[in-house]
Amino acid sequence: MTAITKKPVNPTAHLTPEDIEQIGIELDAIRQEVLDDRGERDAAYIRKVVAIQRRLELGSRAVLLGSALPPLWVLGTVGLSVAKILENMEIGHNVMHGQWDWMRDPKIHSTTWEWDNASTADGWKHAHNEVHHTYTNIVGKDNDLGYGIMRVDEDQRWHPMFLAQPVWNFINACFFEYGIAAYDLELGRNLRIPKEKRSAEFKAQLSKTLKKIRKQATKDYVVNPALAAPLGGFVPALAANFTANLVRNLWSHSVIMCGHFPEGVETFEKKSIPDDETRGQWYLRQMLGSANISGSKAMHVMTGNLSHQIEHHLFPDLPSNRYAEVAPKVEALFEKYDLNYHSAPLPQQVASAWHKVVRLSLPNGWLATTNRSNLVEQTKLLWAMSTKGPKVRRAASARLQQQERRLAEAA
Amino acid sequence: MASISVPSGAGQGARRVTSLRSVLRRVADAAVTPLDVDDVLDVFHPLRGGRDGLQGRIVSITPETAESATVLIKPGRDWAGHVPGQYVRIGVDVDGVRLWRTYSLTHGPRPDRCISITVKAIPGGVVSNHLVHHAQVGRMVQLEQAEGEFVLPQPMPAKLLLVTAGSGITPVIGMLRNLFSRRVPPSTDIVLVHVNQSADTAMFRDELRAHGAAGRITLLERYDDQHGLLDVSDLATLVPDLDERLAYGCGPAGLLDALETYYDERGQTLHTERFRAQVVTAGAEGEGGTLTLPDGRQVEADGATPILDVAESAGALMPSGCRMGVCFGCVIPLKSGAVRDLRNGALTVAVPGETGPDGVPVQTCISAAAGDCEIGARR
């Protein structure tokens, strides 16, 4: 993708400022309808999900006490994986968004919730709720665009290190919770600062995160395996916990990639966002910058209803069980204003997001201008771009993009 | 660990048990982090002892009159008991939202350990109407320990006067039930003057009449529709030996004020219990008020500026985030008063004693003062 303001045809060009404000008013009305109706049914929903999750996790851990027996290992591991996914996605993420604050129950509240993840609730709320949800898809402001380690937009300058990004992305997927923790700490940026100049805030957050990681690891890799040890299950239980974390990481990474990375999701230039961005303009950016996953009810629950990423980004504080309900109204609004409601099944969205990760690991235009006959030359060019310094890189990159444009014009 | 010499063997044993318990607890907490064991046990046994925060389960709801009902609650193991006449703060989820109210306990300590409150549905009363008409048996409620000084003395005086009006009977019925459930009822001579709008709407009418008929109390019923409003100066006519009686009064402020003046004039003491209905009046749209900051300072806040901005302009350090109502990074408790959501005009009102012990958490970046209000520090 390219920031919409740099595209040949801006997908919002047909909207007048009045249209955009009208979209804001109509979306506010959809939000208000839910607020007016929010109540007992919603409270019962989240309490039920929490109760199910806790029973499932405890039950699975109980089964894993006998994990020396392979069938119990499988059963317990599946249960624990599902429990961990529910805890992070449908419960943790959404509670920390304040979706259930209106219940005034201190046990299910954004200010008190801590989740089963390496990153601390405080760190997550800052990086995710505040930075990502406010500056969604603004290149240079929203660190979720590639998490600071990947190139997921044409407008992010290419560097040879991005050649390895499909590998990074896979490793990040496997250990996603640690990736999130590092990301919430802005670890990369902070580690580049000399030790004595790092902020006290960073040091405090780092120590909290390390403490949390230690507690999490103690639970999954020491205490629970030790409980299974009398039945000869220390190693199998440890493996089960590791597997459940891996499954949860791969799953949440896939779901989250689907939210903003699939091909066709729009990004925005920092300078194109006015300082006094109106509510309508903010809404519009959320509409174009997110993608949904279509699927069954179970799929929606397992994604924490982030399958309704568009609705979630428009209304991050509405209870997640309501997204499915407002989705048709939101989609109708997209249609009314001739905007692209980006929705596809999970495999398709995951493939699309991965396609982008691979495509953008290469310089802009490289893939488009490469065919079987020039493969050797193109590879040489790529080698040169990777090894011969920024000057060569810039020149080659300009040429590649020019060639790509010509190809597009010819076609 | 520092060794402390404990003379008795029992003491050492107890300590060993405690430390074993605390070790087990630490292991269990480590096994379920970031939750603690309480969170897990809550799923299975919310009424157990040692829980953080007392809860109760509604056992039965029995109508008293058309507009009142007695709610019987089984409290958690940590309920420390109460003295008849005391009240309890109770948190009820009404349409998903937790609201807190205070009700008198209408029984003495019961053999089944349950506690009861009798609630009169007042017009527009969200919680009272819910409890009387919509609450369901089996639902959980939040509780605090019993409180209140409106209790009978020990030993009992020879003569007692109880003056109650409307739902002011609720602490007194608890006292009476307790007294007369004893194997040896007290020999105290009790006069109860009970005032109500009409006989039909009087709670516990038949029970009180039964006590009267059995000679346990002298019941003087005064109904506004039959006898007209009670004039406090008629009290001495109704109860000739008024000055010999230890006096207790409970009811609406009007009656209690008159009673207190009357007793002051006679140089006598009166024990009262007031049901303080704190009223927070929200200002009209756009109308602000005085904002009390966590450090106690007061600043003027207009009705169109987020209280986050107002507090920051006054130099207060406030948690903040997106400043557009999205991230919930600015949430702090509203201790009292009303704020208005600048996006949709929705009011959030915090009444001390009615909206949770810690106030109502609000997003300061989209909330403007709607009348006087006070905010607290982040939990």
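Here is a short tour of a predicted model, with stops in chain A, chain B and the place where they touch.

**Stop 1: chain A, split in two**

Start by selecting chain A and giving residues 4–343 one colour and residues 364–410 another. Those are domain 1 and domain 2 of chain A. Now look at the gap between their middles: the C-alpha centres of domain 1 and domain 2 of chain A are 36 Å apart.

**Stop 2: an annotated stretch**

Next, select residues 73–343 of chain A. An unreviewed UniProt entry lists this stretch as "domain: Fatty acid desaturase". Switch to cartoon view and check out the makeup: residues 73–343 of chain A are 57% helix and 1% strand. If you click on the C-alpha atoms at the two ends of that stretch, you'll find them 36 Å apart.

**Stop 3: two helices crossing**

Stay in chain A and pick out helix H9 (residues 234–260) plus helix H14 (residues 346–359). Their axes come within 9 Å of each other, with a crossing angle of roughly 75°. How do H9(A) and H14(A) sit, roughly parallel or roughly perpendicular to each other? Angles of 65 to 115 degrees count as roughly perpendicular, so that is the label for H9(A) and H14(A).

Turn on side chains here. From H9(A), show Ser254(A), Met257(A) and Cys258(A); they meet Leu346(A), Gln349(A), Val350(A) and Ala353(A) of H14(A). Which kinds of residue make up this contact of H9(A) with H14(A)? There are 5 nonpolar and 2 polar residues, and no charged ones.

**Stop 4: where the chains touch**

Zoom out and show both chains. The contact draws on 37 residues of chain A and 25 residues of chain B. On the chain A side, the elements giving two or more residues are helix H2 (40–64), helix H4 (121–134) and helix H8 (200–228). Colour that side by class and you get 9 nonpolar, 14 polar and 14 charged residues.

**Stop 5: over to chain B**

Hide chain A and look at chain B by itself. Its C-alpha atoms fill a box of roughly 70 × 65 × 40 Å along the principal axes. In the cartoon, chain B has 9 helices and 17 strands. Of its 379 residues, 37% count as buried.

Finally, colour the four domains of chain B: domain 1 (14–44), domain 2 (54–143), domain 3 (159–274) and domain 4 (289–375). For a last check, compare the C-alpha centres of domain 1 and domain 3 of chain B, which lie 50 Å apart.

Conventions: Residues are numbered from 1 along each chain as its sequence is written. Chains are lettered from A and ligands numbered from 1 in the order in which they are written. This is a predicted model: local features need pLDDT of at least 70, side-chain atom pairs count only at pLDDT 80 or more; totals for chains, interfaces and linings use all residues. Two residues are in contact if their C-beta atoms, placed from the backbone, lie within 7 Å. Helices (H or I, at least four residues) and strands (E, at least two) are DSSP runs, numbered from the N terminus. Ala, Val, Leu, Ile, Met, Phe, Trp, Tyr, Cys and Pro count as nonpolar, Asp, Glu, Lys and Arg as charged, and the others, Gly among them, as polar. UniProt positions are given in the numbering used here, feature names are shortened, and annotations may be inferred rather than shown by experiment. A residue is buried if 20 or more other C-beta atoms lie within 10 Å of its own, exposed if 12 or fewer, and partly exposed in between; C-beta atoms are placed from the backbone. Axes are lines fitted to C-alpha atoms, for helices over the stretch in contact, and angles run from 0 to 180 degrees between N-to-C directions. Angles under 35 degrees count as roughly parallel, over 145 as roughly antiparallel, 65 to 115 as roughly perpendicular and the rest as oblique. Domain bounds come from an automatic or database domain assignment.
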